[in-house]
Amino acid sequence: ITPFYTLCQNSNLALTANAVGATSYSWTGPNNFTTTLPNPVISNVNPIHSGDYSVTAYYVSPITTLVCTSNAVSNVSVVPRN
């Protein structure tokens, strides 16, 4: 199930990834949004920032050194102020 969030235009969108043991993150989203920060903030959002934000958390197994991943998606809707 994808969580849905609604924000007013000009608000700040705070994205949070809290994957215990993750060594790095990769975010993608609308309007060509990409970052490797674990908890990025997009200031002064507008309707062009509406859509799905996906994060992948990367883990390295200490035993096998294999890289494992975990994914999550949140849908954000930004509504214009009247």
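## Questions on an all-strand chain

The chain has 0 helices and 7 strands. The model is predicted.

Student: In what order do the elements of the chain run from the N terminus on?
Tutor: Helices number 0 here, and strands number 7. Each element is therefore written as β under the strand assignment. From the N terminus on, the run is β-β-β-β-β-β-β.

Student: Which strands form the open sheet, and in what order?
Tutor: The sheet has 5 strands, and their pairing is mixed. Its edge strands are strand 1 (4-8) and strand 4, each pairing on one side only. Read across the open sheet, the order is 1-7-6-3-4.

Student: What does the twist average from one strand to the next?
Tutor: Take the sheet in its order, 1-7-6-3-4. Going from one strand to the next, the twist averages 20°.

Student: Do strand 3 and strand 6 run parallel or antiparallel?
Tutor: Strands of a sheet pair through backbone hydrogen bonds, either parallel or antiparallel. Strand 3 (residues 24-29) is joined to strand 6 by 5 bridges. Ser 26 stands opposite Thr 56 in strand 6. The two strands run antiparallel.

Student: How many aromatic pairs does the structure hold, and which residues form an aromatic pair?
Tutor: The structure holds 1 aromatic pair. Its centre-to-centre distance is 5.7 Å. That is within 6.5 Å, so the rings count as a pair. The residues are Phe 33 and Tyr 53.

Student: Is that pair stacked or edge-to-face?
Tutor: A pair of aromatic rings is described by the distance of the centres and the angle of the planes. For Phe 33 and Tyr 53, the angle between the planes is 65°. An angle over 60 degrees puts a pair in one class, so this pair is edge-to-face.

Student: How many residues apart are Phe 33 and Tyr 53?
Tutor: Phe 33 is in strand 4 (residues 33-35), and Tyr 53 is in strand 6 (residues 51-60). Both residues are buried. The pair links distant parts of the chain, 20 residues apart.

Student: Is Gly 29 buried or partly exposed?
Tutor: Gly 29 is found in strand 3. Its relative accessible area is 21%. Buried means under 20%, so Gly 29 falls outside that class. Gly 29 is partly exposed.

Student: Which residues is Gly 29 in contact with, leaving aside its neighbours within four places in sequence?
Tutor: Leu 13 is 16 residues from Gly 29 along the chain, and their C-alpha atoms are separated by 12 Å. Leaving aside neighbours within four places, the contacts of Gly 29 are Asp 52 and Tyr 53.

Student: Is His 49 buried or exposed?
Tutor: His 49 is found in the loop between strand 5 (41-42) and strand 6. Beyond its neighbours within four places in sequence, His 49 is in contact with Pro 30, Asn 31, Ile 42, Asn 44 and Val 78. Its relative accessible area is 12%. With the cut-off at under 20%, His 49 therefore counts as buried.

Student: How many disulfides does the structure hold?
Tutor: Consider Cys 8 and Cys 68. Cys 8 counts as partly exposed because its relative accessibility is 40%. Cys 68 also counts as partly exposed, at 40% relative accessibility. The number of disulfides in the structure is 0.

Student: What share of the residues in the chain is buried?
Tutor: The chain exposes about 5,400 Å², with carbon and sulfur atoms supplying 54% of it. Its C-alpha trace spans about 55 × 25 × 20 Å along the principal axes. Of the 82 residues in the chain, the buried share is 28%.

Key. Residues are numbered from 1 along each chain as its sequence is written. This is a predicted model: local features need pLDDT of at least 70, side-chain atom pairs count only at pLDDT 80 or more; totals for chains, interfaces and linings use all residues. Side-chain values use heavy atoms; hydrogens and water are left out. Rings of Phe, Tyr and Trp (its six-membered ring) pair if their centres lie within 6.5 Å; planes under 30 degrees apart count as stacked, over 60 as edge-to-face and the rest as tilted. Helices (H or I, at least four residues) and strands (E, at least two) are DSSP runs, numbered from the N terminus. Buried means under 20% relative accessible area, exposed over 50%, partly exposed in between (1.4 Å probe, protein chains only). Two strands pair if DSSP finds at least two bridges between them. Axes are lines fitted to C-alpha atoms, for helices over the stretch in contact, and angles run from 0 to 180 degrees between N-to-C directions. A disulfide is a pair of cysteine sulfur atoms within 2.5 Å. Accessible areas come from the Shrake-Rupley method with a 1.4 Å probe; for residues, only the protein chains shown count as cover. Contact means heavy atoms within 4.5 Å.
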